[in-house]
Protein chains: 2
Amino acid sequence: MPAMNAFYAQSGGVTAVINATACGVIETARKHQNKIARVYAGRNGIIGALTEDMIDTDRESAAAIKALMHTPGGAFGSARYKLKGLEENRAEYERLIEVFKAHNIGYFFYNGGNDSMDTAHKVSQISKKMGFPVTCLGVPKTVDNDLPVTDNCPGFGSVAKYVAVSTQEAALDVASMATTSTKVFILEVMGRHAGWIAAAGGLAGKKEGDAPHIILFPEVPFKKRDFLKRVRQCVRDYGFCVVVVSEGARYANGKFLADQGTRDAFGHAQLGGVASVVATMVRDNLGLKYHYAIADYLQRSARHIASATDVKQAYAVGQAAVKFALAGKSAVMPVIKRTSDKPYRWKIESAPLGRIANKEKMLPARYITKDGFGITAAARRYLEPLIRGEDYPPYVNGLPKVAKLRNVAVKPKLKTRFVV
Amino acid sequence: MPAMNAFYAQSGGVTAVINATACGVIETARKHQNKIARVYAGRNGIIGALTEDMIDTDRESAAAIKALMHTPGGAFGSARYKLKGLEENRAEYERLIEVFKAHNIGYFFYNGGNDSMDTAHKVSQISKKMGFPVTCLGVPKTVDNDLPVTDNCPGFGSVAKYVAVSTQEAALDVASMATTSTKVFILEVMGRHAGWIAAAGGLAGKKEGDAPHIILFPEVPFKKRDFLKRVRQCVRDYGFCVVVVSEGARYANGKFLADQGTRDAFGHAQLGGVASVVATMVRDNLGLKYHYAIADYLQRSARHIASATDVKQAYAVGQAAVKFALAGKSAVMPVIKRTSDKPYRWKIESAPLGRIANKEKMLPARYITKDGFGITAAARRYLEPLIRGEDYPPYVNGLPKVAKLRNVAVKPKLKTRFVV
């Protein structure tokens, strides 16, 4: 078979290490140019394919591609864009295949979360039906750590490390201020549906009384009275209280804590992270001085404190995706299989996209302590290896050096335009 | 003169490197035990002296003291506690001298900001009047960088580095999301009165169009229309807009942006960082999707990304304070004097507390661009050396190792109790 080109796209919220996966894909493909001629990257993800706006990664130097290893964000642009079902929007799938055909693209690497795995799966099916079979590989990426089958998801380990380190550091701060000032510190972290990131905050504490004293998971219905009681206890017993709250924390009826229905002076719904909601409760009911932080994008772009394990795995799934494709596998995703906890050992296997697409893996009940406010030993065993090791970027004049890509466009070949 | 003991206390908001200063004080004192017998640290700062609750640092191993170099927070506890004027509360000063006398304390090292320099100054004066002259040294510490005379303040360089690095990282994130998702990212940073920390965010951008596109300083009266116009321009020209906003950003009439006077469903004043206020403006007026982060304590405790320059200077001021004291200087503070920008060179000198106490150094107008939204080349020249170099803490199992102090109490000698 003559060499064909590959298409690589980043999808959904980016991570500190998604570019390490891109590096794994591109470097591995470059070693097999007899089969994969060039890797084209979608500018702004799948939209780049639909609009025939692709980047020729062959125009980048080996050094620039290597620098992706330590560059956060999505180097080619990502997209929050979910292809609809086949019946609803067949035109999009047909356009995709049309572009692939025009550019001799025989390999599709889709780097994303649940939705993206579904898209990769569908593209694989429709390309066959349309007589232009494309080898479709899902490549896992999500800070939410909620993909099934794989033991963990690239991107999560680094957020987990950021949250654990930040919790430990802020706890030392508030501990030293508590006698005369702040007594309650609240850190809001990501995870709208699953509490994996919030759970990682728990790694900062090793023994009874260590911060964080309270974790609020989306998986545990929030009970205001129990929460406030526990805050009061912590302040009494330890002098202060550190709370890690997931943005997805909710009441038993499913309503998010962040959804307060409050209005500003103009009658507009008041914005507000869950951290400020929890802080208000502490102030109004306990009268305690608080501070809160909202990590937001800082947590998922914090390449400066990335987990070495995570960086390695992010590269490995990119590398494996190309190898699987070259071995003739399609409609699969590389998954991380943990073979041992102590010492931590893992390997890459492949799993069919059909088993992964559109499924979410929640924090299991056995990872949450009985009172609902902490993590168990089993959770620590699972989480701890994922944050291990530091993988520092190079610095110039005090700031991390990042990849400078040329991002040269592939010349369009189609006469038709496609509007997304 | 027979050896006397020293009293060291941490004051006000802690920093990522205040313990490096403690290390400088203690290690230097230990080299001169013929003059300084023991260093006692105030538990929770000056309150520890008033309540005769002091920690005998002599009970700590050399390794534990050395580990203070990479431990954020205040290892002995800090206090937000300002001694009143002499006329208003002479009893407090007298109590302090009484405790110093009972414990043979001839040296007072007060590690803090403006208020603390005032206290150290007053203690120096009253101790003489009371016939028990104490050698009083102010030791600079403040993330706000607002002490006069000194070129910069220990603690600031590390916050500056954290803010610059975080801004750069988050900007890469939002840049890759902007086409289909978030277009405006807002980072709220500390600095209620002076815009030094916000200015540091400006280091993330080197040229026109680089993020951050807008910095909101306390020194520049906020004009909503100009701000929104600039946001719109940035999104049009660059596809996205990154804003760094100081918590002290305010209107021309002096009112803080954060002070919105909004009420929740129960009529309580709505909490809200300035970030959410700015975000609401962007949403209501421009209809753009935004995200915001509030760094809060994370920024000032982020020892994991401390500036090597800052760590060195934090140690140096502690060391110099002891040396000055041993040389018979009193009522002075070690100041950092910059002798060259390129290469960056500095040395430590001493300055009288009277010149420093109760004065704030604002961001000079020449550091702010004409439009009020950015930093000038002069600001870069000043700021850039302060964030240079990485000084990583050691890690165990993915988390920074911190000093474990025994914090053994000095046996009280006084019969009287003092309630603060």
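**Interface, symmetry and fold of a predicted two-chain model**

The contact between the two chains takes 69 residues from chain B and 69 residues from chain A, where two residues are said to be in contact if their C-beta atoms, placed from the backbone, lie within 7 Å. On the side of chain B that touches chain A, the elements that give two or more residues are helix H6 (156–177), helix H9 (274–286), strand E9 (290–294), helix H10 (296–301) and strand E13 (399–400) of chain B; helices (H or I, at least four residues) and strands (E, at least two) are DSSP runs, numbered from the N terminus. The largest share of this side, 13 residues, comes from H6(B). By class, the residues of the side of chain B that touches chain A divide into 31 nonpolar, 26 polar and twelve charged, with Ala, Val, Leu, Ile, Met, Phe, Trp, Tyr, Cys and Pro counted as nonpolar, Asp, Glu, Lys and Arg as charged, and the others, Gly among them, as polar.

The structure is a predicted model, in which local features need pLDDT of at least 70 and side-chain atom pairs count only at pLDDT 80 or more, while totals for chains, interfaces and linings use all residues. Residues are numbered from 1 along each chain as its sequence is written, and chains are lettered from A and ligands numbered from 1 in the order in which they are written. The mean pLDDT of chain A is 95, and 97% of its residues reach 70 or more, pLDDT being the predictor's confidence in each residue, from 0 to 100. The scores of the model are ipTM 0.97 and pTM 0.97.

The arrangement of the two chains was examined by superposition, carried out by least squares on the C-alpha atoms of residues with pLDDT of at least 70 in both copies. A turn of 180 degrees and a shift of 0.0 Å along the axis lay chain B on chain A with an RMSD of 0.0 Å. That is the relation of a two-fold axis. Ile294(B) comes closest to this rotation axis among the residues of chain B, with its C-alpha at 2.4 Å. Of the interface residues of chain B, 100% are also interface residues in chain A, so the copies meet through the same surface.

Within a single chain, the secondary structure of chain A comes to 13 helices and 13 strands. The C-alpha trace of chain A spans about 70 × 50 × 45 Å along its principal axes. For 420 residues, a compact globule would have a radius of gyration near 22 Å, and the 23 Å of chain A agrees with this; the radius is taken over C-alpha atoms, and the globule rule is 2.2 Å times the number of residues to the power 0.38. Among contacts in chain A between residues at least 6 apart in sequence, 75% join residues at least 24 apart. Of the 420 residues of chain A, 60% count as buried, a residue being buried if 20 or more other C-beta atoms lie within 10 Å of its own, exposed if 12 or fewer, and partly exposed in between, with C-beta atoms placed from the backbone.

The domain assignment of chain A gives domain 1 (4–142 + 303–357 + 388–400) and domain 2 (156–301), with bounds that come from an automatic or database domain assignment. The contact between them takes 13 residues from domain 1 of chain A and nine residues from domain 2 of chain A. The side of domain 1 of chain A that touches domain 2 of chain A has five nonpolar, six polar and two charged residues. Taken over C-alpha atoms, the centres of the two domains of chain A are separated by 34 Å.

Several local features of the backbone were also noted. In chain B, a cis peptide bond with omega of about 0 degrees joins Ala211(B) and Pro212(B), and Pro212(B) has its place in the loop between helix H7 (196–201) and strand E7 (214–216) of chain B. The peptide bond from Lys342(B) to Pro343(B) is also cis, with omega near -5 degrees, and Pro343(B) lies in the loop between strand E10 (332–340) and strand E11 (345–352) of chain B. In chain A, Asn104(A), a residue other than glycine, has a positive phi near 55 degrees; Asn104(A) lies in the loop between helix H4 (90–102) and strand E4 (105–112) of chain A and counts as partly exposed, with 14 C-beta neighbours inside 10 Å. Asp296(A) likewise has a positive phi, near 40 degrees, but lies in helix H10 (residues 296–301) of chain A and is buried, with 25 other C-beta atoms within 10 Å.
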